[in-house]
Amino acid sequence: MPLKDATVAWALAAHTELAEIATGYGHFITVTELAERVQEVSGVHTAAPTRTWMEAILRKVARRCHKAGEPPLTALCVRQNHTVGEAYKYVLELAGLPVPDDLELHAAYARWQCYQFHGAEMPEDFSVPPLTPKVANRRRPATKMTTQAAHTGAEIAQPVRAAVCSQCFMQLHRAGTCMNCL
């Protein structure tokens, strides 16, 4: 099969797989896992390394979502370290948005939109969408618990995240307004 036809088949399969993943709140998939799934679902296999073709597939999915007015399903696809990485910046480029200081938080809000759009059962008390587990763990403060806290099981306070615009996911101005959406 020609590469052009293969990429179309893989992109269709990737969109379907990511839409299915979006039906479960908090769900996401690694690039490697998605590459395996799209080959299996499409029936089109390659021996080429995933890194040589998967970014093109994710870009096709991002374009399809953008054109259809859907949230960017590619936010659900992360690297082994659970970050969206440089490839996610294409979503921002399509939307004409600047790259935020915190790309992972932006992607968390995009995943949140995907879950809502695809009918995932959302938690009742969600104010800030969760980061992926590995990203959240890396961001936890590396403070030692006091002996008393260790014995009582007291929790260490977590840092508060800045408020973000619900439309473009950029950090809000101190006044609570989005300077990007004005």
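In this predicted model, T132 is found in the loop between helix 5 and helix 6. The relative accessibility of T132 is 3%, so this residue counts as buried. Not counting residues up to four places away in sequence, T132 touches F28, V78, H82 and R111. One of these partners, H82, also takes part through its backbone: the side chain of T132 reaches the backbone oxygen of H82 at 2.8 Å.

H82 itself lies in the loop between strand 2 and helix 4. Its relative accessibility is 12%, so H82 too counts as buried. Although H82 is not a glycine, it has a positive phi of about 70 degrees.

Another of the residues touched by T132 is R111, and R111 belongs to the buried residues of helix 5. This helix has 15 residues and reaches 21 Å from its first C-alpha to its last, close to the 21 Å expected at 1.5 Å a residue. How far is helix 5 enclosed by the rest of the structure? Twelve of its 15 residues are buried, so helix 5 is largely enclosed. Among the buried residues are L103, E104, H106, Y109, W112 and Y115. The buried residues of helix 5 pack against strand 2 (77–78), helix 4 (89–95) and helix 6 (133–139).

The two ends of helix 5 can be described in turn. At its start, a side-chain oxygen of D102 reaches to within 3.3 Å of the backbone nitrogen of E104. Just after the helix, G119 takes a positive phi of about 80 degrees. Within helix 5 lies L105, which is buried with a relative accessible area of 10%. L105 and P129 are 24 residues apart in sequence, and their C-alpha atoms are 8.2 Å apart in space.

The account now turns to the nonpolar interior. In soluble globular proteins, nonpolar side chains tend to be buried together. Here the largest nonpolar core has 34 residues, of which L18, L34, L73 and L76 touch the most other members. Two or more residues of this core come from each of helix 1 (3–21), helix 2 (31–42), helix 3 (54–68) and helix 5 (103–117). Helix 1 gives the largest share, eight residues. A second, separate core of twelve residues includes A62, A75, V84 and L103.

What surrounds L73, leaving aside its neighbours within four places in sequence? L73 is in contact with H15, L18, A19, A22, V61, C65, C114 and H118.

Helix 1 packs against two other helices that contribute to the largest core. The axes of helix 1 and helix 2 come within 8 Å and cross at roughly 115 degrees, in a right-handed crossing. On the helix 1 side this contact is made by A9, W10, A13, A14, E17, L18 and I21, and on the helix 2 side by L34, R37, V38, Q39, V41 and S42.

Helix 1 and helix 3 pack at an angle of about 60 degrees, with their axes 9 Å apart; this crossing is right-handed. Helix 1 contributes T7, W10, A11, L12, A14, H15 and L18 to the contact, while helix 3 contributes I57, K60, V61, R64 and C65. W10, A14 and L18 thus appear in the contact with helix 2 and in the contact with helix 3. L18 is also one of the residues that touch the most other members of the largest core.

Conventions. Residues are numbered from 1 along each chain as its sequence is written. Side-chain values use heavy atoms; hydrogens and water are left out. A nonpolar core is a set of buried Ala, Val, Leu, Ile, Met, Phe, Trp, Tyr and Cys residues joined through side-chain atoms within 4.5 Å. Buried means under 20% relative accessible area, exposed over 50%, partly exposed in between (1.4 Å probe, protein chains only). Helices (H or I, at least four residues) and strands (E, at least two) are DSSP runs, numbered from the N terminus. Contact means heavy atoms within 4.5 Å. The expected span of a helix is 1.5 Å times one less than its number of residues. A polar contact is a pair of N or O atoms within 3.5 Å; within protein, one must be able to donate a hydrogen and the other to accept it, and residues adjacent in sequence count only if both atoms are side-chain atoms. Axes are lines fitted to C-alpha atoms, for helices over the stretch in contact, and angles run from 0 to 180 degrees between N-to-C directions. A crossing is left-handed if the near helix is turned anticlockwise from the far one by less than a right angle, and right-handed if clockwise.
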